[in-house]
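Welcome! Here is a short tour of one protein model, with a look at its charged pairs and then at one of its strands.

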Amino acid sequence: MTSTSLHTTVEADTGKHAVSLERYFEIEAGSVEKIEFHKGKIVPMAGGTFIHNTLAQRAARLIDNFIEAESLNYFVSNSDTKIMISDERVVFPDAVVIAEQPVYYQKRKDIITNPLLVVEVLSPSTEEYDKISKFGLYRTLPSFREYVLVYQDKVQATVYTRIDSTTWVMRDYVGMDTQPILYALHECPLSFSKLYRGLHVGL
């Protein structure tokens, strides 16, 4: 399928009629852009900016370096790994941490169901979705323990940590002299000086 015909197919399947999960998988497999699945609807994701992509990659690398240094049996993956929310929604995180072993959806190695920690880099077009709707979806997963929201227009991050089944603690970290702590990940530090290095964010 050519890129033009694929784009037409995606546009056609984002209309009012419902699309099956199987149909979504067929379209997503050939799509050059990331597309999510929400209760029968296909939702194209906006492309990330240079700063967005750099922050996502660095966050994943810093977390992975900590996991390796501490010899933890955790795995870090990037935005190519999809997360299944029940059988009705498939979403893309910017980075995801899995404890012990990934649990795949129907043996598909590109979709997991057991994220421990998710990192999302906020964009103007998706900030409300990431802060509210997407967080609500992730919270339905029993394995999910921590949510890290990283800003790309200022040196700031918000971390939500699960205390019990109904309680979450929110911590805001602002400025280069602060350092978010990921408590669900054995108090992993997320150095702002390394995360935002050279990006001139907020200037």
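How many residues apart in helix α4 are Lys131 and Glu127? They are 4 residues apart in this helix, which spans residues 127-138, and so are separated by about one helical turn. Helices here are DSSP runs of H or I with at least four residues, strands are runs of E with at least two, and both are numbered from the N terminus.

A word on the background: this is a predicted model, in which local features need pLDDT of at least 70 and side-chain atom pairs count only at pLDDT 80 or more, while totals for chains, interfaces and linings use all residues. Residues are numbered from 1 along each chain as its sequence is written, and side-chain values use heavy atoms, with hydrogens and water left out.

**Charged pairs**

Side chains of opposite charge can pair when their charged atoms come close. A salt bridge means a side-chain nitrogen of Lys or Arg within 4 Å of a carboxyl oxygen of Asp or Glu. By this rule the model has 8 salt bridges, including those in the table.

| Pair | Closest N to O |
|---|---|
| Asp80 and Lys34 | 3.6 Å |
| Lys82 and Asp110 | 2.7 Å |
| Lys131 and Glu127 | 2.7 Å |

Lys82 lies in strand β4 and Asp110 in strand β8 (residues 108-112), so their salt bridge ties together parts that are 28 residues apart in sequence. Lys82 is buried, with a relative accessible area of 2%, whereas Asp110 is partly exposed at 24%. Here, buried means under 20% relative accessible area, exposed means over 50%, and partly exposed is in between (1.4 Å probe, protein chains only). Lys82 and Asp110 also belong to a network of salt bridges with Glu28 and Arg108.

In helix α4, Lys131 is partly exposed at 29%, and Glu127 is partly exposed at 26%.

**An enclosed strand**

Now to strand β11, residues 156-162. Of its 7 residues, 7 are buried, so the strand is largely enclosed by the rest of the structure. Gln156, Thr158, Tyr160 and Arg162 point one way, while Ala157, Val159 and Thr161 point the other way.

Strands count as paired if DSSP finds at least two bridges between them. β11 runs antiparallel to β10 (residues 146-151), joined by 5 bridges, and Val159 is the bridge partner of Val148. A hairpin of 4 residues connects β10 to β11. With β12 (residues 168-174), β11 shares 7 bridges, again antiparallel. Here Gln156 has Val174 as its bridge partner, and 5 residues lie between the two strands in their hairpin.
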